[in-house]
Amino acid sequence: MASTLEQVEITSTPEWVLPQQPKLDAVVPSHNIQDGSYFLLSDFQFYAGDNMPEQQYRHFAVQLTNTNAADNYSQLSFIFAPSYEQLKLHAVTVYRGGQALDKLTGAEHTIERVSASDQVFDGTMQLRLLLSDIRVGDVIDYSYSVIGNNPVFSGHFFHRRPMQWNVPIAQQMLRIVWQSNRPLQLQITPNSDDYHIEQLQRGQQHIYQLALTDTAGVALPDGVPDWYDPRAQLSFSDLATWHDVSRWGQTLFTDAIKPSQTVTDKANDLSAGTTSVPQRMVNALDFVQTQIRYLALEMGVNSHLPAAADMTLRHRFGDCKDKSALLVALLQAMNIKAYPVLVNTDIGERLNRHLPTGRAFNHAIVVVELDGQQIFVDPTIGVQKGALAQRHSPNYGYGLVLADDTESLVKMPASTTAQIDYKEMFDLRRGAGHAASYAVETRYLGGEAEKLRQRLATDGIAGLQQSYQDFFTEQYGDLSAQPLDVDDSDQGLAIRENYQFENPWQVNDKDKHRFFISENQIPLQLPKNRAPRPYALVYPQEVSGEITLKLNDDIDWSFANESQHEQNRFFDYRFDVSFDKDNSELLLNYRYQALAPYVPQQEFNDYLAAIERVADWSEYGIVSYPPAKAVTDTKPVKALGKKVITGLYVLLAIVLLSVAFVCGMVAKKRTRATVFYPTKLSHTVLFMWLTGGIYGVYWCYRNWCYWRKQQDQRQLRWLGLLLPIIYFPLTLQVAQQAKGYQWLLRISAVLTPLAVCALLWWDGQTSLFIGWLVLSLLMTPLVLAVNQLNWQQGIAVPGRWRFYHSLTALALLPGYLWWLAS
């Protein structure tokens with residue numbers, strides 16, 4: 001078939017392909033599709049072998065369910081690298097109303113260069129077919145082949161194809177025709193037991209095929225680590241081990257890392273003035289990081305083949321592999337052992353679970369052997385400073401060292417250098433409702449310093465200051481700010497900020513002034529999606545913070561000292577509050593350290609629980625209450641009236657109690673001699689409550705005197721006033737004579753003195769209320785036993801409410817009611 005497209009051939013479907021037909025009557029799962037497109041067919045077939053170009057056949061059929069899908073598929077895009085690949089179109093057909101409409105013949109098109117970024121040029125081209133008359137309800141069916149393989153892979157055959165997408169697929173075919181005696185490894189991840197690969201043998205052809213129907217879409221949740229992908233994938237490779245991959249990689253770098261005279265001269269310049277091997281290494285690293293700009297020319301074999309070190313040095317630009325080759329060459333010229341390392345910045349943490357292939361990597365770094373240790377450095381990071389120990393090494397997981405003795409991947413140590421230290425000071429001494437000043441100094445080390453340097457390089461100091469001002473304006477209102485003071489050195493990056501807030505206090509409907517402080521550096525927030533999944537954490541990171549509030553000393557501020565600590569498998573977090581009352585300064589201290597790079601799915605709920613336990617620590621508020629409103633014409637009068645009423649009540653109570661005492665003494669002289677001092681239980685309890693427990697002391701005192709009199713011993717009346725001392729022997733004496741109360745009296749003998757001591761120690765009205773109730777219950781057995789002893793002697797217990805009882809109650813009841821009301 002003649003082609004009307006430049007650089008593209010239109011041909012029929014290759015004979016080696018197993019044709020697949022889409023099911024045009026498939027039911028659309030409308031709730032699960034995206035952009036109105038439903039994939040009826042995804043067909044990938046590979047044909048490769050010894051001494052033959054690799055062929056990839058691709059066939060798709062998509063049903064368009066809305067105008068968005070019709071807009072998207074009114075043009076089709078095909079990507080290929082013309083330096084080593086050939087694009088062949090086979091068919092573009094629209095199925096509509098039982099008809100098949102050819103859309104390939106006569107289609108308008110454009111061919112344009114594709115670039116991943118302004119710093120990457122890889123020679124990739126894009127053919128864009130512009131289709132006419134595409135409607136909602138159409139099925140777009142198109143197929144094409146890409147023939148050729150990048151010669152940098154030396155004829156090796158390895159690929160990885162997803163079997164699950166974000167959206168559902170009605171029908172899939174994955175097929176490999178391998179015409180070689182070299183073994184081909186196949187791997188399905190993550191759940192290989194759920195799939196069956198059919199294997200066929202046709203002459204010298206080994207055929208592997210996997211047919212799937214109604215494959216559900218699996219969307220990646222937010223917040224997962226870069227390496228996490230639960231969707232099924234098929235991988236295959238003709239390389240057996242990582243050692244084979246390392247040997248292939250070495251052939252790419254061998255010539256590039258040879259130190260030429262130009263490279264050797266530069267290494268001597270960088271070594272001048274120092275005999276320290278680590279310092280010479282840092283000098284070489286600094287030079288490559290900062291003096292060799294990043295620019296990737298990745299056309300053809302240059303996608304993986306680095307430029308020679310002296311060429312990179314001469315041009316002063318290169319990509320990751322070019323800069324790594326130059327750094328290795330410089331270090332080798334300094335007699336420092338160094339090797340290139342291939343890594344994957346996305347799936348490196350799980351790279352060891354993948355098949356050995358040359359396509360497993362997307363980045364190159366360097367490993368240096370220094371003092372018996374391996375040190376991994378990235379020559380593409382241009383914002384590092386300081387000694388090696390202060391430089392952050394990204395967590396790339398597993399890497400492949402291109403050295404003769406490499407047999408497997410190596411697990412690179414995760415960097416622990418990423419720290420933020422800050423001190424904040426709020427000067428609130430002008431008081432609530434007035435202006436306040438705020439000063440903060442923050443020091444960033446390691447990876448945190450590198451992130452901020454990159455931000456400064458992009459936004460500039462002015463842009464950074466504006467973002468800071470916007471943040472504080474939203475939180476505290478109108479403000480003025482001094483220019484940022486930025487100090488960037490080998491010891492880290494420090495930023496000093498100074499602000500003047502017009503009025504940072506918030507006022508509620510009760511005229512209370514509130515001031516809130518937020519801790520903004522610790523990255524602990526509850527994720528919006530609570531579904532269990534692996535969850536990425538900011539790691540490594542350490543935060544040490546101190547926030548000081550200077551308060552006005554005309555208010556009697558009171559704050560409770562606190563110390564909170566949460567440590568688990570994911571983080572260690574400490575929060576402390578202390579108050580210096582003499583200087584009216586409130587101090588908040590924060591200490592945080594991330595302990596893991598991610599949360600495993602099975603521990604996600606434990607992580608959520610830990611976050612909820614510390615959720616309130618990042619916010620702290622203080623309240624300034626309004627002063628009491630003075631009413632000059634009534635307050636002195638009310639105060640005087642209260643004093644007069646109180647004085648009259650006290651005088652009247654003294655008179656009533658005096659009369660009651662005289663009447664009581666007269667009444668007692670007319671009564672019979674008793675064994676102990678008997679009183680009715682209800683009278684005893686009532687007077688204990690009215691007198692705040694004093695009557696209980698008087699009652700015990702009277703019984704103490706009776707007991708001493710029975711023993712013909714000295715009265716020692718003063719000792720009877722010490723209730724905790726005399727209650728125990730008094731109760732035991734009564735227990736020897738009374739019947740039926742022995743065990744209750746023994747319990748009362750022990751617990752009542754303890755309860756009295758507790759009442760003397762406790763503070764607060766609630767404690768006193770509970771204490772008197774307990775004392776009343778504990779003394780009840782003793783009161784009943786005393787009354788029983790008198791009944792046994794034929795002595796009746798006084799039960800009538802007497803006149804002096806009424807006088808006593810009248811004197812004490814108003815004061816007791818006032819106490820309850822207060």
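In the predicted model, one aromatic cluster is formed by Y535, F570, F571, Y573, F575, Y590, Y592, F604, Y607 and W617. Across the structure, the count of aromatic pairs comes to 39. One of these is the pair of F46 and F157, whose ring centres lie 6.4 Å apart with the planes at 65°, so that the arrangement is classed as edge-to-face, the angle being over the 60 degrees required. This contact links distant parts of the chain, as F46 belongs to strand β2 (residues 37-49) whereas F157 lies in the loop between β10 (139-147) and β11 (158-162), 111 residues apart. F46 is buried, with a relative accessible area of 2%, and F157 is buried as well, with a value of 1%.

A search of the whole structure finds 25 salt bridges. Among them, R96 and D138 meet through their side chains with an N to O distance of 2.8 Å. The two residues come from distant parts of the chain, R96 being placed in strand β5 (residues 86-96) and D138 in the loop between β9 and β10, 42 residues apart. R96 and D138 are both buried. A further salt bridge is formed by D286 and R391, with 2.7 Å between the closest N and O atoms. Here too the pair links distant parts of the chain, since D286 lies in helix α4 (residues 277-291) and R391 in the loop between β22 (373-377) and β23, 105 residues apart. Within this pair, D286 has a relative accessible area of 23% and is therefore partly exposed, while R391, at 7% relative accessibility, counts as buried because the value is under 20%.

The salt bridge between K451 and E448, in contrast to these links between distant parts of the chain, is formed within a helix: its closest N and O atoms are 3.3 Å apart, and the two residues are separated by about one helical turn because they stand three residues apart in helix α7 (residues 447-476). K451 is partly exposed, with a relative accessible area of 49%, whereas E448 is buried, with a relative accessible area of 7%. Elsewhere, salt bridges that share partners join R96, D133, R135 and D138 into one network.

D133, a member of this network, also stands out in its backbone geometry, having a positive phi of about 55° although it is not a glycine. The residue is placed in the loop between β9 (125-130) and β10, and D133 is partly exposed, with a relative accessible area of 38%. A positive phi of about 55° is likewise found at S584, which is not a glycine either. S584 lies in the loop between β35 (571-580) and β36 (585-594) and, at 7% relative accessibility, counts as buried.

Cis peptide bonds were also identified in the model. The bond from T189 to P190 is cis, with omega near 0°, and P190 lies in the loop between β13 (185-189) and β14 (198-202). Y539 and P540 are joined by a cis peptide bond as well, with omega of about -5°, and P540 is located in the loop between β32 (535-536) and β33 (542-551).

On the surface, a nonpolar patch is formed by F728, W743, I747, V750, L751 and L754, which together have about 590 Å² of accessible area. Helix α13 (residues 742-761) gives the most to this patch, contributing five residues. L751 is one of the patch residues and is placed in helix α13; its relative accessible area of 38% makes L751 partly exposed. A negative surface patch is formed by E369, D404, D405 and E407. Within this negative patch, E407 lies in the loop between β23 (398-401) and β24 (410-411) and is exposed, with a relative accessible area of 53%.

Definitions and conventions
Residues are numbered from 1 along each chain as its sequence is written. This is a predicted model: local features need pLDDT of at least 70, side-chain atom pairs count only at pLDDT 80 or more; totals for chains, interfaces and linings use all residues. Side-chain values use heavy atoms; hydrogens and water are left out. Patches are made of residues with over 30% relative accessible area and no salt bridge: like charges are joined within 9 Å, nonpolar side chains (Val, Leu, Ile, Met, Phe, Trp, Tyr) within 5 Å. Accessible areas come from the Shrake-Rupley method with a 1.4 Å probe; for residues, only the protein chains shown count as cover. A salt bridge is a side-chain nitrogen of Lys or Arg within 4 Å of a carboxyl oxygen of Asp or Glu. Lys and Arg count as positive and Asp and Glu as negative; His and the chain ends are not counted. The place of a charge is taken as NZ of Lys, CZ of Arg, CG of Asp or CD of Glu. Helices (H or I, at least four residues) and strands (E, at least two) are DSSP runs, numbered from the N terminus. Buried means under 20% relative accessible area, exposed over 50%, partly exposed in between (1.4 Å probe, protein chains only). Rings of Phe, Tyr and Trp (its six-membered ring) pair if their centres lie within 6.5 Å; planes under 30 degrees apart count as stacked, over 60 as edge-to-face and the rest as tilted.
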